[in-house]
Amino acid sequence: MDKYIGRLLDNRYEILEVIGTGGMAVVYKARCHRLNRLVAIKILKDEYSQDEEFRRRFHAESQAVAMLSHPNIVSVYDVSTSDDADYIVMELIDGITLKQYMEKKGVLNWKETLHFAIQIAKALDHAHSRGIIHRDIKPHNVMVLKNGSVKVADFGIARVMSKSNTLTKEALGSVHYISPEQAKGGRVDNRSDLYSLGVVMYEMMTGRPPFDGESPVAVAIQHINGKAPMPSTLNPNIPGGLEQIIMKAMEQDPNRRYPTAQAMLYDMDEFRKDPTILFDYYNSSTGMDDATRIQSPAQTAAIAQAAAKSTAERVAAQSGGTVPKRPAGQTPGKPAASRPQRRREEVIEEEEKSSKVATVAIILCSVVAVVAIVIFLVALLGSGSDIDNSKNQVQLPSLLYKSLDDAAKATDYVVELDHWTYSDEFAKGLIIEQNPKAGTLITKGSKVTVVVSAGPEPSIKVMEDLVGYEEEQAKNYLTNVQGVDPNRILTNYEASADVTKGCVIRTEPGVGGTLPEEGPIRLYISTGPNVKTVTMVDFVNGGYTEETAVKWLLLNGFAEENVQVIPEQSNEPEGKILFQSQAAGKQVNVTATVILKVSTGKNGTVTPPTSETTEPDDYVYKIIRIALPADKTENYLLTLYRDGVIIEERDIPVGTVEAEFRVSGKGVMTFVVMIDNQTYGTVDVDFDAPDTPEVPDGE
């Protein structure tokens, strides 16, 4: 039996079973008793855990990766050492590897290939932006979830596998996907990951990697020498544009590949919009352009012909110098008739036939435009005041089909989101309406409101990727597009060095998860890059008084408004701390709220802080409803606070989905909800809202 099965690491993680074995570690399914959730734990094998330098690099690299937060990257929760075990705690993925998926389905169609590749590229883009290179992109390290989304695992771990850049035994295990510079032991950067992604796409479209051999070394040499067969020679149904993307990513020279994952994503998105597209990566005077340039039909025809010629020459080189015979009726220099290229050429021919008509139309339009300009100038010069006024005006262009981010880059006007709506015509994220309309003359600095597409309405609503959205935008989307009751949307605030203050860090359920019809939907909002934490002391048993406890908190960076003291009658001496909301020994962010219950002594008087307390005459009453967690397995204590004072406490039975409170106040007041003395969320109540408040009995 495995020596770790049944063990409790750090008095927290119970090892349940083995779920996988790799070159450097064994992966276990485990239960985190502190958070009551299942996790995956990767434990270093003994031969590595005995190497101090390896362990140091393992921990440093893993802690860096733990800072990544992206829906397409497997989350790392913890990195630790317990007795003789060095391990990483990760989210447990319910799915299979991309390799297993490919083995089950064989050759994938281009839509599936693009679907998976875009998500992998997004994960790489996020990691590269934070200085982390994967170094081991392969289908085995990509998990496919049941909802079709993917998560990339083992970021940064490949770097630990070798203290030098030589081709180690472990690297040889991934030799079918490594870049030429990795095979040669050269310098590795983000473009190495893009090469590996190109290889994975090649395998998805053809059913086999581009290079194979009797030994890992033989495969590595082929990567160095290049000359992979064109994917279309193995799968004639691959679209030409997608083949170009794959082969550019797999260029031997890193300088000829995509410079960034973002650039590769751009081309994949353009291909997704138009699967008949072809790209021009070359310029006769400057060589390859850094940015992809999409060509006109006439240029596309020339590229297609050159691409076909290149394909024939490469096939000939690999078949002993003989160019394969062309099927009867096929024009020299063009792809096979079964290729989607045929449709592109038909479109080109049609457009060439209409080019003469287009030329005449352009000339006529030019004449009309000149006349219109002359008329406009005459009218404009007729009034000096109009000239002065025109300096502050701008003609609003069409924003349709643009993304919100692109439209917001304008400097002459301010673009604001009105709302999202489902649309079958417009792709998700594109603007479908604008107010004022295009062509309107507006004063510079004016506001332009837009409606953005949420894509086609799904049959089953799932959590969209709201990471990076502003808090109100995210709530707007959930409420107006996905129909979530705003009372079910709870917000938690935490520090983040990666996500802008006020924007969404993550959600519960996560991206792609089914939206429940009942229960809370959580948004975790960034409070900015303040990540200062302190180890909480034991105020209850450490001899602290109210005065010394508050002083300690303020000296350690807690804001005065976040320190709440609640008096409570007890048999303990007056001033003794009875309770602290943040547990002793816990690492606590200094932006968190700390609640202290302080004894008033046996005979001390405390005004009962309940809803029965006499409130000022101008206070009004409202009913609030709080969605409760559905994952509780035991009864728990629910407490409602306002301004640090307990409004009401209740024992909540398991299975309760909602709690209703009758509260009073004036203006906008914030109520803090705690479960078992841990902050659960906050509720903002506007007592001045126009709805009719509930009147207390007898008033």
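**Notes on the strands, salt bridges and a charged patch**

1. Strands 1 and 2 make an antiparallel pair, with two bridges between them and strand 2 covering residues 13–21. Keep in mind while you look that this is a predicted model. Within the pairing, Leu 8 sits opposite Glu 14 of strand 2.

2. Now step back to the whole sheet. Six strands make up an open sheet, running in the order 1-2-3-4-6-5 and pairing antiparallel. Which strands stand at the edges? They are strand 1 (8–9) and strand 5 (76–82); each has a single partner strand, so one side of each has no neighbour in the sheet. As a reminder, strands of a sheet pair through backbone hydrogen bonds, in either the parallel or the antiparallel sense.

3. Strand 24 is worth a look further along the chain. This strand spans residues 594–599 and is mostly covered, with six of its six residues buried. Val 594, Leu 596 and Val 598 point one way, while Ile 595, Lys 597 and Ser 599 point the other way, and all are buried. If you colour by residue type, note that Lys 597 is among the buried ones.

4. Who pairs with strand 24? Strand 21 (residues 563–568) pairs with strand 24 in the parallel sense, over six bridges. Here Val 563 has Val 594 as its bridge partner. Strand 22 (residues 577–580) also pairs with strand 24, but in the antiparallel sense and over three bridges. In that pairing, Phe 579 is matched with Lys 597.

5. On to the salt bridges: the count comes to 24. One of them links Glu 508 and Arg 522, whose closest N and O atoms are 3.9 Å apart. Glu 508 belongs to strand 18 and Arg 522 to strand 19, so this pair ties together parts that are 14 residues apart in sequence. Are the two partners buried or exposed? Glu 508 is partly exposed, at 36% relative accessibility, whereas Arg 522 is buried, with a relative accessible area of 10%.

6. A second salt bridge stays within one helix. Arg 272 and Asp 269 are both in helix 12 (residues 261–273), three residues apart, which is about one turn of the helix. Their closest N and O atoms are 2.5 Å apart. Both partners are partly exposed: Arg 272 has a relative accessibility of 38%, and Asp 269 has 26%.

7. A third example pairs Arg 256 with Glu 251, with 3.6 Å between the closest N and O atoms. Arg 256 is partly exposed at 33% relative accessibility. Glu 251 comes out at 19% and counts as buried, because the cut-off for buried is under 20% relative accessible area. I would quote the 19% alongside the label.

8. Last, the surface charge. Which residues gather in the patch of negative charge? Asp 485, Glu 517, Glu 518 and Glu 658 come together there, on the surface. Glu 517 is placed in the loop between strand 18 (504–508) and strand 19 (521–526). With a relative accessible area of 76%, Glu 517 is exposed. Strands 18 and 19 are also where Glu 508 and Arg 522 lie, respectively.

Note on methods: Residues are numbered from 1 along each chain as its sequence is written. This is a predicted model: local features need pLDDT of at least 70, side-chain atom pairs count only at pLDDT 80 or more; totals for chains, interfaces and linings use all residues. Side-chain values use heavy atoms; hydrogens and water are left out. Patches are made of residues with over 30% relative accessible area and no salt bridge: like charges are joined within 9 Å, nonpolar side chains (Val, Leu, Ile, Met, Phe, Trp, Tyr) within 5 Å. Accessible areas come from the Shrake-Rupley method with a 1.4 Å probe; for residues, only the protein chains shown count as cover. A salt bridge is a side-chain nitrogen of Lys or Arg within 4 Å of a carboxyl oxygen of Asp or Glu. Lys and Arg count as positive and Asp and Glu as negative; His and the chain ends are not counted. The place of a charge is taken as NZ of Lys, CZ of Arg, CG of Asp or CD of Glu. Helices (H or I, at least four residues) and strands (E, at least two) are DSSP runs, numbered from the N terminus. Buried means under 20% relative accessible area, exposed over 50%, partly exposed in between (1.4 Å probe, protein chains only). Two strands pair if DSSP finds at least two bridges between them.
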